[in-house]
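Subject: Structure handover, with notes on helix H2 and the aromatic rings

Hello,

Here is the structure we talked about passing on. My notes follow below it.

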Amino acid sequence: MMDILTFEHFITPSVLIFIYYIGLFFIPFFSWRYREKLVSIVQKTDKKSLLIIFVVILLLELMWRMMFEMMIGYFDIHNYLQEIQGQLKK
């Protein structure tokens, strides 16, 4: 607990994982909920437009995952550099 209070350990990776899972389920939910607007953007509701919408949702999910992997990786690198700095001081 003292590490968190003195900012020696970040809670951000845990919070980021929680937010990632919220978004993981809400992106498809809101895409499905507003599908009529998405379809009107693509024009007609034929198989081609539904396929385009499906691909867009998949790309949004992939982008969402990559964004969080990058942020969590940054904090992992920071923690690793802190460990190396602590070993060098010994």
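Which residues do ring pairs link into a cluster? They are Tyr20, Tyr21, Trp64 and Phe68. Please keep in mind that this is a predicted model.

Helix H2

H2 covers residues 12–33, 22 residues in total. From its first C-alpha to its last it reaches 30 Å, close to the 32 Å expected at 1.5 Å a residue. Its buried residues are Pro13, Leu16, Tyr20, Gly23, Ile27 and Ser31. Tyr20 is thus one of the buried residues of H2 and also a member of the ring cluster.

Aromatic pairs

The structure holds eight aromatic pairs. One of them is Phe26 with Phe30, a stacked pair with 5.7 Å centre to centre and 25 degrees between the planes. Why are Phe26 and Phe30 separated by about one helical turn? Because they are four residues apart in helix H2. In general, an α-helix has 3.6 residues a turn, so residues three or four places apart point the same way.

Both rings belong to partly exposed residues: Phe26 has a relative accessible area of 39%, and Phe30 has one of 38%. Phe30 also pairs with Phe29, their ring centres being 5.2 Å apart. The planes of Phe29 and Phe30 stand at 70 degrees, so this pair counts as edge-to-face. Phe29 is partly exposed too, at 43% relative accessibility.

Regards

Conventions. Residues are numbered from 1 along each chain as its sequence is written. This is a predicted model: local features need pLDDT of at least 70, side-chain atom pairs count only at pLDDT 80 or more; totals for chains, interfaces and linings use all residues. Side-chain values use heavy atoms; hydrogens and water are left out. Helices (H or I, at least four residues) and strands (E, at least two) are DSSP runs, numbered from the N terminus. The expected span of a helix is 1.5 Å times one less than its number of residues. Buried means under 20% relative accessible area, exposed over 50%, partly exposed in between (1.4 Å probe, protein chains only). Rings of Phe, Tyr and Trp (its six-membered ring) pair if their centres lie within 6.5 Å; planes under 30 degrees apart count as stacked, over 60 as edge-to-face and the rest as tilted.
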